[in-house]
Amino acid sequence: MTASAPADTYAFDNDDVESVDRHQFLAAMLDEFTRARLSRVGDLSGARCLEIGAGGGSIARWLGDQVGPTGRVLATDLNTRLLPEHPGYTRQQHDLTTEPVPEGPWDLIHARLVLAHIPSRREIFGRLVEALAPGGALVIQEWDGTPGDWAIAAPDQAAVSLLTDYQRAVGRRLQAHGLDYTWARELHGAMLAAGMVDVDTEVHARAWPGGTPGALLLTVTLDQLRDELLGEGFTAEQLDRVRELTRDPRLVWRGLLTYSTIGRRPA
C-alpha cells in the first residue's frame, strides 16, 4: 500500500528544517540560468517586478539590483520564514490559490518551480497574464520530471537501480501532492494560446557529482518525504544507502530538464 497525500498540499513546507538546504541548493543549481533568462527580458531599470515563490530571496535580491532606486520588486511566498528582509525588495506572504495576484500592473512577473505544484495552475496562469502591463514579460521556469536515465555514472548497477526506483517513487509522491511534471512542456503553447508574443523557451540541464548541490538535493527531498517513501515500500536501510550515494563522488546525477519560457503581453 502506498502513502496518500492531499492533492492540494504542497510537499515542501518552509517550516521544515530541511527547507533551508533546499533553497540554498536550488539557488546554486538554477540561479545562473535564471539570471541569464531574466536578462533576456531587457533593461529592468525602473521596472515593476513580481517574484512569486521567492524562497530564500536570491533572485529577488538580484532583481532589486537590476531595477535600481526607481523600480519596485515585490517578493511573495506561501511561507516567508526563509525570505529575509532586504532593501532591494518588499516581501509579502501570499497564497496564489486563494488570493488575487498582488496589484500591479507588472513589467515582469517571474515564477520558478511554483505553478507545477498547484492544481489550479492554469487558472492562476491566466491571472498572471492579466496582471502584466502592456509589453510586460512573464517568465516561468519549471522542471520536466519525465522518467529517464538520471544516473550518468555510479559505483555499480545496484546503485543505479536503487536511485532510479527512488526518483520514480519521489515523482509519484509529488504527483500525489498535485505536481504536474508535464506543465513545463505545456508552457510555450499556453502562452501562445493566451495571445502572448515573442514567446521563447530554452531548456537547460547539467550533471552533478555526488556531494554537489544537484546530488545533495536528493537527500533533502528524502528527508522531507521520508514517511511517504517508507509507505512506498522503501526500507530505512535503502534510504540510508540513497543518502550515502548522494555524497559519493563516483555518482554523477543528471539534473531535471529546466524549461524556461518567456512571453510578453502585447503592447
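Leaving aside neighbours within four places in sequence, which residues is Leu-138 in contact with? I looked this up in a predicted model, where local features need pLDDT of at least 70, side-chain atom pairs count only at pLDDT 80 or more, and totals for chains, interfaces and linings use all residues. Residues are numbered from 1 along each chain as its sequence is written, and side-chain values use heavy atoms, with hydrogens and water left out.

**Entry on Leu-138 and the cores.** I took contact to mean heavy atoms within 4.5 Å, and on that basis I listed Ile-109, Phe-125, Leu-128, Val-129, Leu-132, Met-191, Met-196, Thr-261, Ile-262 and Gly-263 as the contacts of Leu-138. I then turned to the largest nonpolar core (a set of buried Ala, Val, Leu, Ile, Met, Phe, Trp, Tyr and Cys residues joined through side-chain atoms within 4.5 Å; buried means under 20% relative accessible area with a 1.4 Å probe, protein chains only). This core has 58 residues, of which Ile-109, Leu-115, Phe-125, Leu-138 and Tyr-166 touch the most other members. I noted that H4 gives the most to this core, with seven residues. Apart from it I found another core, of 19 residues, which includes Ile-59, Leu-63, Tyr-89 and Val-139.

**Entry on H2.** I counted helices (H or I, at least four residues) and strands (E, at least two) as DSSP runs, numbered from the N terminus. Seven of the 10 residues of H2 (residues 58-67) are buried, so this helix is largely enclosed by the rest of the structure. I wrote the buried ones down as Ser-58, Ile-59, Ala-60, Trp-62, Leu-63, Gly-64 and Val-67. After H2 comes Gly-68, with a positive phi near 70°.

**Entry on H4 and H8.** I looked up the axes (lines fitted to C-alpha atoms over the stretch in contact, with angles from 0 to 180 degrees between N-to-C directions) of H4 (residues 157-176) and H8 (residues 236-245), which come within 10 Å and cross at roughly 105°. The two helices are therefore roughly perpendicular to each other, a term that covers 65 to 115 degrees. On the H4 side the contact is made by Ala-159, Leu-162, Leu-163 and Tyr-166, and on the H8 side by Gln-238, Leu-239, Arg-241, Val-242 and Leu-245.

**Entry on the whole chain.** I recorded eight helices and 10 strands. Buried residues make up 52% of the 267 residues, and the C-alpha trace spans about 55 × 35 × 35 Å along its principal axes.

Key:
Parallel < 35°, antiparallel > 145°, perpendicular 65-115°, else oblique. Buried < 20%, exposed > 50% of the residue type's maximum accessible area, 1.4 Å probe, protein only.
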